[in-house]
Amino acid sequence: MQGPRLLAGARVCPPRLSADSGDFCDSNLCLNGGTCLVRQDSVPFYCLCPDGFTGLICNETDKGLCSSNPCQHDGICQVIDSQRGDVFTHYICECPPGYVGIHCEIRCSRPLGMEGGAITDAQISASSVYVAFLGIQRWGPELARLHLKGIVNAWTASNYDKKPWIQVNLQRTMQVTGVVTQGASRAGVAEFVKTFKVAYSLDGRRFQFIQDAERSGDKVFVGNLDNNSLKVNLFNAPLEVQYVRLYPQSCHRGCTLRFELLGCELNGCSEPLGLKDRIIPDKQITASSYYKTFGLRAFGWFPHYGRLDNQGKINAWTAQSNNASEWLQVDLGSQKQVTGIITQGARDFGHIQYVASYKVAYSNNSRDWTEYRDRGNADSKIFRGNSDNNSHRKNLFETSFLARYVRILPVAWHNRITLRLELLGC
């Protein structure tokens with residue numbers, strides 16, 4: 001019997017016969033150029049298949065890592081042809097607009113705070129402002145909030161501004177995935193932005209425009225057709241930015257705009273945890289006490305009323321007394337990563353009521369509580385709360401925490417301790 005032969009860099013043996021210094025067998029057992037290796041168990045051999053083939057004898061076409069499409073929400077899987085040792089995922093998911101994450105698993109198209117008020121007036125600026133009626137009406141950038149009501153309820157650029165823009169400073173790097181625009185009516189006449197561009201920046205000085213699909217120039221977005229309907233534009237790729245500018249390109253009568261930015265926090269873990277949408281049931285929202293108007297339970301400001309944007313004449317939680325021992329507690333049902341909070345006040349018979357500052361405590365058993373502290377600080381953090389009855393105030397935790405129970409501990413308040421809220425996390 002002939003001994004092993006060296007052929008094209010591989011040693012070839014008769015079937016089921018191992019070479020003295022290798023495990024190669026007759027390569028003819030494997031198809032499509034596969035390499036046959038001898039096994040010592042009940043299976044006499046196995047095949048090492050070349051790229052593009054699989055199966056017992058390399059007789060099947062390998063459809064690749066994307067064959068089962070690991071991407072969610074209709075994301076498109078693309079194989080990466082990389083031999084780098086630091087590349088551990090050999091495919092990427094091209095996410096549809098409004099989604100981010102390795103597998104497009106994170107919905108990133110939440111309102112960022114123009115309409116709700118989490119974005120403050122001081123964070124909104126513009127190249128110019130239209131002033132009417134001898135300076136009485138000022139159509140300032142702080143009014144450019146989606147669905148804002150009133151006679152003067154939007155931003156309008158000056159008639160002399162040839163390159164108008166309006167800017168939002170998000171105060172931290174966030175993922176921005178789209179914009180919703182709306183016009184307004186001025187002196188009974190519809191005004192709106194018909195087309196616009198979007199520019200972005202990390203430092204507020206160096207801006208660049210979103211490019212069109214061919215990257216041949218700045219993308220021009222289609223805006224509104226009237227003064228009141230909404231136009232949603234989602235970006236093809238999320239922007240990781242702090243500053244966003246909208247540049248009107250063509251307008252109907254005046255460049256008048258109300259808008260909202262869409263996106264999410266940079267880590268993606270900033271979803272509402274279920275207060276506003278009532279995923280958290282009423283019985284899981286408790287408090288130290290609650291106030292009863294006229295002393296009647298029928299007019300009670302119960303803990304489960306303390307949901308963000310809750311509507312009605314009695315639409316929030318109010319404590320029985322105004323002292324620092326009061327608290328509102330949320331049972332999330334299971335441990336969650338909590339990354340932030342949005343608070344809101346309310347109105348009682350015309351009286352504006354809100355929590356102006358507060359602390360946050362958390363627990364996993366509802367008995368042992370830890371008050372939130374920023375990293376490196378010995379004292380509990382006091383968060384800035386609301387300054388009116390309706391605007392949203394958003395606070396993010398520098399260090400997120402894992403907990404089932406969360407308590408809000410009022411520190412200062414206006415009129416009565418009154419609160420509506422949402423917790424953020426994942």
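This report walks through the overall make-up of a predicted model and then its two largest pockets.

## The chain as a whole

Let's start with the fold. The protein chain contains 32 strands and 0 helices. Of its 426 residues, 45% are buried. Contacts reach far along the sequence: among those between residues at least 6 apart, 68% join residues at least 24 apart.

On the outside, the protein chain exposes about 22400 Å², and carbon and sulfur atoms supply 50% of that area.

## The largest pocket

The largest pocket has a volume of about 790 Å³. Its lining counts 32 residues, with Pro111, Lys276, Leu308, Asp309 and His392 lying nearest the centre. Two or more lining residues come from each of β11 (110-111), β22 (256-265), β26 (328-344) and β32 (418-425). Of the elements, β22 gives the most, with 4 residues.

Both domain 2 (110-265) and domain 3 (271-425) contribute at least three residues each to this lining. Sorted by class, the lining holds 12 charged, 11 polar and 9 nonpolar residues.

## The second largest pocket

Next comes the second largest pocket, which encloses about 500 Å³ of space. Here 24 residues form the lining, and Ala118, Thr120, Gln123, Arg393 and Lys394 lie nearest the centre. The elements giving two or more residues to this lining are β16 (166-182) and β31 (393-414).

The second largest pocket also draws on two domains, taking at least three lining residues from each of domain 2 (110-265) and domain 3 (271-425). Its lining comprises 10 polar, 7 nonpolar and 7 charged residues.

Terms used
Residues numbered from 1 in each chain as written. Predicted model: local features only at pLDDT ≥ 70, side-chain atom pairs only at ≥ 80, totals over all residues. Heavy atoms only, no water. Buried < 20%, exposed > 50% of the residue type's maximum accessible area, 1.4 Å probe, protein only. Contact = heavy atoms within 4.5 Å. Areas by Shrake-Rupley, 256 points an atom, 1.4 Å probe, with all protein chains shown as cover. 1 Å grid on protein atoms, 1.4 Å probe; cavity = no way out; pocket = protein on both sides within 12 Å on 5 of 7 lines; lining within 4 Å. Points joined across faces, edges and corners; volume = space filled by probe spheres on them. Nonpolar A, V, L, I, M, F, W, Y, C, P; charged D, E, K, R; others polar. Domains from an automatic or database assignment.
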